[in-house]
Amino acid sequence: MNPFRKTTATVPAPTGQGPAISLDKVPPGLVNLTKTAAISLEKKGLTGQRAAVYLVPDRSGSMLRFYRDGTVQHLAEQALGLSANLDDDGTVPVIFFDTNAYRPIPVSLDDYQGRIDREHQALGRMGTTNYAAAMQMVIDHYTTSGATEPAFVIFQTDGGPDSRREAEHALCAASRLPIFWQFVGFGTDRFDFLRKLDELPVPRKRAVDNAGFFEAGSDPRAMSDGDLYDRLM
């Protein structure tokens, strides 16, 4: 499964020779993450590939501890490290979701420290887990952005969605777009629904295999950056 496949099931050739952003333009706090992400991309033959990286973090009530201990902030930094290799704009659109999906917030290389907590706090009360609304927000943002490269979406959650039917429909509808959804499970849920999404049949349910899933466990910070990038890829 290649996360950058097109709807024709062909893999686009890399469009550059190395990282999209040179290391001398990456802030010191993200240099090691950028280097580590580059190693994982090289392992998969994806050095020079270009893509827009999105981060979609769950802010349902059960996610509170992962915000308080900095785990979601760290995931945003890992996303920026990956994005520095794939996208030359130095920005990751972050789409928080709970009962609703919230407008994309650009988190950039020059404004990332503590950003997740500030934006999370500004949204107020935490809600439920509406995958479909978050996925539609990504689709709308991507299709109106004028992007010519594929999108790689890191979709983080700690449980199942409010409506499984709507979430599955959104994923299948998106399979005709150059968007790959990498679901990342935090916590101890069994994630049966995400495992089902990962295995939806092609072409009976969706045009291409446009999703993956892995568990980061109850302590995602215990997973090394290299391991996380390897699993994302």
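**A guided reading of the predicted fold**

In this predicted model, Tyr131 counts as buried, since its relative accessibility is 0%. Tyr131 belongs to helix H5, which covers residues 131–144. Its ring has a partner in strand E5: the centres of the Tyr131 and Phe183 rings lie 6.3 Å apart and their planes meet at 20 degrees, so the pair is stacked. Planes under 30 degrees apart count as stacked. The two residues are 52 positions apart, and the pair therefore links distant parts of the chain. Phe183 is likewise buried, with a relative accessible area of 1%. Both residues also belong to one aromatic cluster, formed by Phe97, Tyr131, Phe155, Trp181, Phe183 and Phe193.

The setting of this cluster is the overall fold. The protein has eight helices and six strands, and from the N terminus its elements follow the order α-β-α-α-β-β-α-α-β-α-β-α-β-α. Its radius of gyration is 16 Å, close to the 17 Å that the globule rule gives for 233 residues, so the protein is as compact as a globular protein of that length. Along the principal axes, the C-alpha atoms fill a box of roughly 40 × 40 × 30 Å. Of the 233 residues, 56% are buried. Among contacts with a separation of 6 or more, 81% are between residues 24 or more positions apart.

Strand E5, the strand that holds Phe183, deserves closer attention. Eight of the eight residues of E5 (residues 179–186) are buried, so the strand is largely enclosed by the rest of the structure. The cover extends to both faces: Ile179, Trp181, Phe183 and Gly185 are buried on one side, and Phe180, Gln182, Val184 and Phe186 are buried on the other.

E5 has strand partners as well. Strand E4 (residues 151–157) pairs with E5 in the parallel sense over seven bridges, and within this pairing Gln182 is the bridge partner of Ile154. E5 also pairs in the parallel sense with strand E6 (residues 211–217), over six bridges; here the bridge partner of Val184 is Phe214. The connections between these strands run through helices. From E5 the chain crosses through helix H7 (residues 192–198) to E6, in a right-handed β-α-β crossover. A right-handed β-α-β unit is also made by E4, helix H6 (residues 164–174) and E5.

The connections on either side of H7 contain two backbone features of note. Most residues other than glycine have a negative phi, and most peptide bonds are trans. Phe191, in the loop between E5 and H7, has a positive phi of about 55 degrees although it is not a glycine. With a relative accessible area of 2%, Phe191 is buried. In the loop between H7 and E6 lies Pro203, which is joined to Val202 by a cis peptide bond with omega at about 0 degrees.

Helix H8 (residues 225–232) follows a one-sided pattern of burial. Its buried residues are Leu228, Tyr229 and Leu232. They cover an arc of only 95 degrees around the axis, which puts them on the same side of H8. The elements that cover these residues include helix H1 (28–43), helix H3 (71–86), E4, E5 and E6.

Aromatic pairing is not confined to Tyr131 and Phe183, as a search of the whole structure finds 11 aromatic pairs. In one of them, the rings of Tyr67 and Phe96 have their centres 6.4 Å apart and their planes at 35 degrees, so the pair is tilted. This pair also links distant parts of the chain: Tyr67 is in helix H2 (residues 64–68), whereas Phe96 is in the loop between strand E2 (91–94) and strand E3 (105–108), 29 residues apart. Tyr67 and Phe96 are both buried.

The last stop is Thr129, in the loop between helix H4 (115–122) and H5. Its relative accessibility is 9%, so Thr129 counts as buried, given that buried means under 20%. Leaving aside residues up to four places away in sequence, Thr129 touches Asp58, Ser60, Phe97, Asp98, Thr157, Gly159, Gly160, Pro161 and Asp162. One of these contacts, Phe97, leads back to the aromatic cluster that includes Tyr131.

Methods:
Residues numbered from 1 in each chain as written. Predicted model: local features only at pLDDT ≥ 70, side-chain atom pairs only at ≥ 80, totals over all residues. Heavy atoms only, no water. Buried < 20%, exposed > 50% of the residue type's maximum accessible area, 1.4 Å probe, protein only. Helix = DSSP H or I, 4+ residues; strand = E, 2+ residues; numbered from the N terminus. Pairing = 2+ DSSP bridges. Right-handed = clockwise from strand over helix to strand, strands pointing away. Phe/Tyr/Trp six-rings, centres within 6.5 Å; stacked < 30°, edge-to-face > 60°. Arc of directions from axis to C-beta. Contact = heavy atoms within 4.5 Å. Rg over C-alpha atoms; globule rule 2.2 N^0.38 Å.
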